[in-house]
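Biologist: I should like to learn how to read the bound partners in a structure. May we go through them step by step?

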Amino acid sequence: MAGITNRVLYGADYNPEQWDRDVWIQDAALMQEAGINMVSVGIFSWALLQPEPDRFEFAWLDDIMDLLANHGISVDLATATASPPAWLIAQHPDILPVDQYGSRYVHGSRQHYCPNSQHYRGAAAQLVRRLAERYQNHPALRMWHVNNEYGCHIAACYCDTCQTAFRVWLKDRYQTLDVLNDRWGTAFWSQAYGQWDEIGLPGHTPTFRNPGQELDYARFMSDSLYACYEQEAVILRSMTPNVPLTTNFMGLFKPLDYFRWAPGLDVVSWDSYPDPAEALPITAALGHDLMRGLKSGQPFILMEQTPSAVNWRPVNLIKAPGVMRLWSYEALAHGGDGVLFFQWRASRAGSEKFHGAMVGHSGRRTDRVFQEVAHLGQELAQLEGIVGSRVPARVAIAFDWENWWALELPSKPRDMNYIERVVPYYRALFTRNIAVDIIHPSMALDNYDVLILPGLYLFQDSYQSALESFVARGGTLMTDFFSGIVDANDRVRLGGYPAPLKDILGLEVEEFYPLANAGTVDVISHSAVLKREQYQARFWAEHIHLTSAEPWAAFHGTFFSGAPAVAVNQWGKGRSVYFAALVDDSLLGEVIDNVLAHHQITPPLAVPNGVEARVRETDDTRFHFVLNHRDDPVTIALPATPLINLLTGEPADNSAFIPGKDILVLAEPKGR
Ligand code: GLA
Ligand code: ZN
């Protein structure tokens, strides 16, 4: 499905079931005023749609769908399967999931279902079929919103049903117990299995569990939740083949391998809730780039963000005036084709009544938040030109959920955090305004000049030849310590670390020297490429020996003084860069600058610190997004090419004044 929209989608989660009908009428009018063109309806409506096992109540939803259609607002219709009704739980208590300690959850919140429960799946399938039958030809139906935030609260279940399903999943993966015993390394601690039925879930154990079992359980749970999605998707595709499907992802959400999920969605959508305390919204940007990468650059939808504050942090800071708009533009700048909120109208009751909403408890259109969202809605109506355009990037960071799971399992040389390995590179590129795609290591590398593999501890066999051809044809590969260490079952790759990368990196690691949390080690320059004489590293160091790589920097003032800390290797037409420590931002930044310069990769516009410059493009137009994250105004120089300010429709001058927290969107015809 190429594009699912021809205008920027703008809207919210809409929960009319919490309100009387006279409020619905006000809602529709206010939505029009706010420029809303799509709302997600029915996400938590199961109990209302099916109040009893054999009774479905669609009349209220019919009326809402009609009302919205009459106001020109389309519907991202939820399948309503995220919160099973009380009667279903009373009928089948085994739907309730079980935690790692064997304790069963109770009804009374949401997402209280075991993903492998056939009673849950059967009831969900029935509801989805009924919804699709009812609304397949409704003019308001624009998109299906399958379930909601799979795994958000319950991403793992330890019930008997899951145990049985896990055995089936394992049999399918390994065929024989001999293979399983070998892959899990069960010779260790007398863990060998002689019967499939002996295999349990990685629950409450005296000490460390089998890492192979834990890793497979993580895969199994992601697959189990995907199976819930898939069964709904199969029904919807058969009944409404032309209505696109999505489910709202959560960005850097560890339990679900979104790279495995994304092919089953027509459009990726996600929910972004950065903490307003974060001055530069780097984690949100990383999330956008990852969500865009899941489907190889296809535009995504920002399905939820808060108009102002959330309700679930200890202290919920608001988005100061201008910030909601600024961060909405950031989503568009990173490849979003829609901006929606949670939620439309603030609830009167329930645990989210103090969550931000487009319309507050006052119901007043003059409130700050409503004014800001209505203003943004009017603006976005002018930006239809950007819809479907792509973010060009020559740098990629490879991100791998299986590695995330494996790297963060316990009993390593030190505790590890995958995201903290990714962020320093991402931040360096973000602050330099260099576009980056976040991709899976198995994806095509043809469009990239630079590939970064942060902390790729779990290294699948298939990655090796792709990386070798990438570097051989002239690409630069950057990677770092404790990468290429284990196989897909968390078994060490023998013969010297990092076994699959030794050649391409031109080095071998002899020993790891993890540093204490507060520990640092000095690093001194060995290369004219670096600007300073001395830098620092923390977290980790290791003793490497170079076979063909050149040292650019070395450890200093320690018993392993002189051992290389940064090593660069020529390989074919390209080169590889290896960091044997978590080096400080200035050292990392200087190496990155060198790599970018080598490939002549430059930012799209020259802008001051704290200002983001991004590009999206179609075949004939380049759209520039300039986002001033600072509080103070900036003046930036613009290129001498013809540029149109998309919000004013006027040609731009050769410089632009951008107030604090303000933005600029420019269209530039591409030369041929
Ligand atoms: C998630 C859910 C919403 C709501 C918001 C609150 O994104 O999908 O239903 O609970 O969080 O931030
Ligand atoms: Zn279960």
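**Reading the ligand sites**

Modeller: This is a predicted model. Let us begin with ligand 1: one of its oxygen atoms is 3.5 Å from an N or O atom in the side chain of Tyr273.

Biologist: How far from an oxygen atom of ligand 1 does a polar side-chain atom of Glu149 lie?

Modeller: That distance is 2.6 Å for Glu149. For Trp312, an N or O atom in the side chain is 2.8 Å from an oxygen atom of the ligand. Of the 310 Å² of accessible area that ligand 1 has on its own, the protein covers 96%.

Biologist: Which residues are around ligand 1?

Modeller: Among them are Phe44, Phe342, Arg110, Asn148, Asp271, Glu304, Glu352 and His355. Glu149, Tyr273 and Trp312 also belong to this group.

Biologist: Which residues are the protein donors of the zinc ion (ligand 2)?

Modeller: A donor is an N, O or S atom within 2.8 Å of a metal such as this. Here the SG atoms of Cys114, Cys157, Cys159 and Cys162 serve as donors, 2.2 to 2.3 Å from the zinc ion. The angles among these four donor atoms are 96 to 117°, and the site is tetrahedral.

Biologist: How are the donor residues spaced in sequence?

Modeller: Their spacing is C-x42-C-x1-C-x2-C. Cys114 lies in the loop between helix H4 (86–91) and helix H5 (118–135), and Cys159 in the loop between strand E4 (141–145) and helix H6 (160–174), so this pair ties together parts that are 45 residues apart in sequence.

Biologist: Are Cys114 and Cys159 buried or exposed?

Modeller: Both Cys114 and Cys159 are buried.

Notes: Residues numbered from 1 in each chain as written. Chains lettered and ligands numbered in written order. Predicted model: local features only at pLDDT ≥ 70, side-chain atom pairs only at ≥ 80, totals over all residues. Heavy atoms only, no water. Donors = N, O, S within 2.8 Å, 3.2 Å for Na, K, Ca; no water. Tetrahedral: all angles 85-135°; square planar, octahedral: opposite > 155°, others 65-115°. Helix = DSSP H or I, 4+ residues; strand = E, 2+ residues; numbered from the N terminus. Buried < 20%, exposed > 50% of the residue type's maximum accessible area, 1.4 Å probe, protein only. Near = heavy atom within 4 Å. Polar contact = N/O pair within 3.5 Å; in protein donor to acceptor, adjacent residues only side chain to side chain. Areas by Shrake-Rupley, 256 points an atom, 1.4 Å probe, with all protein chains shown as cover.
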